[in-house]
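Here are my notes on this one, written as numbered points you can check against the viewer. I start with strand pairing and then move to the side-chain contacts.

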Amino acid sequence: MRRFAPLAAALALPLAQPALADLTPDDAWAIWTAQATALGLSLDATETHEGAALQIGKITLSGQLPDEAGSFYLSFTGPRFEPAANGAVSVLMAETVHWDFGGALKGEGSLNGSVTQRCDGALATMTGTPQATVTEQTIDKCTFTLTSVSLNGEALDLPSSAVRIVLNQGLNRVETALDDTHLRLKKNSQLASYDLSYHLELPDKGKTGVFEGGGSASDVDQSSELTLPKDGIDPLGLHDQLRAGLSVVVRVTSGAGSSFQRVTQDGTVIQDQTSNQGASDFYLTLDSTGFSEGGTMGAFSTRMTGPELPFPVALSAEGFDVLLKVPLLMGEGQDANFRIALRQLTLGDDLWALFDPAGKLPRDPMSVAFDLGAKVSILYDFLDIRALMAGAKPPEMPVMVKTARLGDLRIAGAGAELTGQGDVTLDYTDMETFDGLPAPEGQAAVTITGAQGLLDKLVELGLLPEEQAMGTRMMLAMFTKPSGDDSVTSEVEIRKTGEVTVNGQRVK
C-alpha cells in the first residue's frame, strides 16, 4: 500500500481546513461522507475497524437526474485511514486502483466503463477537527488508463492504450469547513505537466475508423471554492439554494500546450490537425448574482490537412478573450455582459489565395472585438423547476432589458476597420411611441476607415458585383459623413419623443 487520496477525493470529494486538535480515522471518513451528501450524491460503502485504523471497502457514489431522466454511478476500492503523528490521519490506498463508472438516460441507452489508476510517490494526510479539516497530497506521477467501455451492454474492442492521462508532479490542498447549514470546500491542485493520448478503432459497415490524438500542457493550476447546502444540492430548487448561499467558483490556468488529432479510415487519412497554444486562464462562477464564465488564451496556431482540402489550412492569432455573465434569479437592475476579442488573426497564404490569388487585398492580421453590457430585470424565477413542472406560466415579458451598452467595438481586416460605441435606455412605460416596443433613448457612434478601398478591390477580384458595391456606397453616403482620407463617421441619436437623428439630420 502507498499513501494516496484517490481521485474521487480530489474531484468529487475534496477534503479540508486547519488542524486544531486530534483527528480520528472516523472523523476523517465522516468528512468524506459529508462531502458526498453536500454534492447531492448517495454513498454506499463497508466500514471495518482494525484496531485504531478504519478500512473502507468498495465505495459507490451514485445520483439520479431530475424527473427520473437518468442515473449515474462511480465506484472504487476505498482507502484505509490510520492515525498518524501530531493528531493527523494518513489516507492509504493501493498503488493500483480500479474505477468503475456508468450512467443511463431514459430512452437513450446506457454507458459503462472502467479506468485503472496507478500512482507513484503519493502521500496524503488529513489534519484538523471534525468540523474543519485540511488534506495535503503529493504525487510523483499518476497514470489513468481506460480499460473498458460498453454501450447498451455491448463491449467495445479497445486497444490497451485507448485513452491514457498522465499527471506529473502534483500537489493538492483541500480545505473543508462545516457549519449548521453549509459545507465549504476550498481546493488548489498544481501539476508540473499532464499528457493525454487516445487511440480508438470503431468499425462501421465493414470499414474501420481510427480516431487518435492527444495533448499536453505544463504548469497547470486548478483552484475552486464551493459553498454547498449541507443536506445536498437540489437541482429542482436552485433558486432558493442560491439565495441561501450556494456558490461555485472554479479557475484553471496553464502554461503553453499542444494537441493533435488524426482520423483515418482503412489507412486513408480523413483529417489531420495539430495545434499549439500559449498560456491560458479560464474561470467559471455560479452564485446569487448569476452565472459567468470567461478567460483568456495566449497566442495559438492550428494546421489542418485532409483529402477534401485542396491544401493545408493554417491560421494563427495573438490571443483570444471571452466573457459571459447572465443573471439567473428574479430581481431588478442586474448586470449582464458578453465580451469577446480575437486578436491579430492571420490566415495562411494558401487560404488567402483561394479568393485573392494575385494578392490584391492587404493581408494584415484581422481582429474582432466588442463588449456588450446591459442592466436587466428578471420577473420570474426560471430556476424554480418544480413550479414550471407543475404548470406555472412565466409572465408575457419575463425579462426586461433596462439599459444596453456597446463598447470597444472593433472589426479590422483586409485594409478596413470599423470601430464604435453606444448606449441606450429603454422605457417600458411607453410602448406606443415605437409601435409596441419600449421607447429607447440613447446614442451611438461608428467610424469606418478603408471601406471604399476595400469595395474597389472586392469588385476588381470579382467577389462583389459592381451594382452591390454601388448600393453599399450609397448607403454609406446617406448615413455617414467624411472624417478623413477614406474615413467616415456616423452619429445616431434616439430621443424620448420618438425622434431619430443621424449626423444631426432627422430621419424619424
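1. Let's begin at the hairpin made by strand 30 (residues 481-484) and strand 31: the two run antiparallel and are joined by 3 bridges. If you want a pair to click on, Lys481 has Thr489 in strand 31 as its bridge partner. There are 2 residues between the strands, and Asp486 in the turn has a positive phi of about 50°. Keep in mind throughout that this is a predicted model.

2. Strand 31 has other partners too. Strand 29 (residues 439-449) pairs with strand 31 (residues 487-494) in the antiparallel sense, over 8 bridges. Thr449 is a handy place to look, since its bridge partner in strand 31 is Ser487.

3. Then there's strand 32 (residues 500-502), which pairs with strand 31 over 3 bridges, again in the antiparallel sense. Here Ile494 stands opposite Val500 of strand 32. Strands 31 and 32 form a hairpin as well, with 5 residues between them. Which residue in that turn has a positive phi? Gly498 does, at about 100°.

4. On to the disulfide, of which the count is 1. Cys119 is joined to Cys142, with an S to S distance of 1.8 Å. The angle about the S-S bond is 115°, and the link is right-handed. Cys119 sits in strand 10 and Cys142 in strand 12 (residues 132-151), so the link ties together parts 23 residues apart in sequence. Buried or exposed, these two cysteines? Cys119 is buried at 2% relative accessibility, and Cys142 is buried at 2% as well.

5. Salt bridges come to 24 in total. One of them is between the side chains of Glu95 and Arg118, at 3.4 Å from N to O. Glu95 is in the loop between strand 8 (89-93) and strand 9 (96-105), while Arg118 is in strand 10 (residues 109-120), so this contact ties together parts that are 23 residues apart in sequence. Glu95 is partly exposed, with a relative accessible area of 24%, and Arg118 also counts as partly exposed, at 39%.

6. Next, Arg343 and Asp321: their salt bridge has its closest N and O atoms 2.6 Å apart. Arg343 belongs to strand 25 and Asp321 to strand 24 (residues 319-326), which puts the two residues 22 apart and makes this a link between distant parts of the chain. Arg343 is partly exposed at 27% relative accessibility, as is Asp321 at 25%.

7. Strand 25 turns up again with Lys375 and Asp335, whose closest N and O atoms are 2.8 Å apart in a salt bridge. Lys375 lies in strand 26 and Asp335 in strand 25, so parts 40 residues apart in sequence are tied together. Both ends are partly exposed: Lys375 has a relative accessible area of 34%, and Asp335 comes in at 39%. Separately, Glu493, Arg495, Glu499 and Arg506 are joined into one network by salt bridges that share partners.

8. For the rings, I have 7 aromatic pairs. Trp32 and Phe81 make an edge-to-face pair, with centres 5.6 Å apart and 90° between the planes. Why does this pair connect distant stretches of sequence? Trp32 is in helix 2 (residues 25-38) and Phe81 in strand 7 (residues 80-83), so the pair ties together parts 49 residues apart. Trp32 is buried, at a relative accessible area of 0%, and Phe81 is buried too, at 0% relative accessibility.

9. Compare that with Phe338 and Phe370, also edge-to-face, at 5.5 Å centre to centre and 70° between the planes. Phe338 is in strand 25 (residues 331-347) and Phe370 in strand 26 (residues 366-378), 32 residues apart. Phe338 is partly exposed at 32%, and Phe370 is partly exposed at 23%.

10. Two last things to look at around the rings. Trp29, Trp32 and Phe81 form one aromatic cluster. Elsewhere, Lys508 has its charged end over the ring of Phe434, 4.6 Å from the ring centre.

Note on methods: Residues are numbered from 1 along each chain as its sequence is written. This is a predicted model: local features need pLDDT of at least 70, side-chain atom pairs count only at pLDDT 80 or more; totals for chains, interfaces and linings use all residues. Side-chain values use heavy atoms; hydrogens and water are left out. Rings of Phe, Tyr and Trp (its six-membered ring) pair if their centres lie within 6.5 Å; planes under 30 degrees apart count as stacked, over 60 as edge-to-face and the rest as tilted. Helices (H or I, at least four residues) and strands (E, at least two) are DSSP runs, numbered from the N terminus. Buried means under 20% relative accessible area, exposed over 50%, partly exposed in between (1.4 Å probe, protein chains only). A charge sits over a ring if NZ of Lys or CZ of Arg is within 6 Å of the ring centre and within 35 degrees of the ring normal. A salt bridge is a side-chain nitrogen of Lys or Arg within 4 Å of a carboxyl oxygen of Asp or Glu. A disulfide is a pair of cysteine sulfur atoms within 2.5 Å. Two strands pair if DSSP finds at least two bridges between them.
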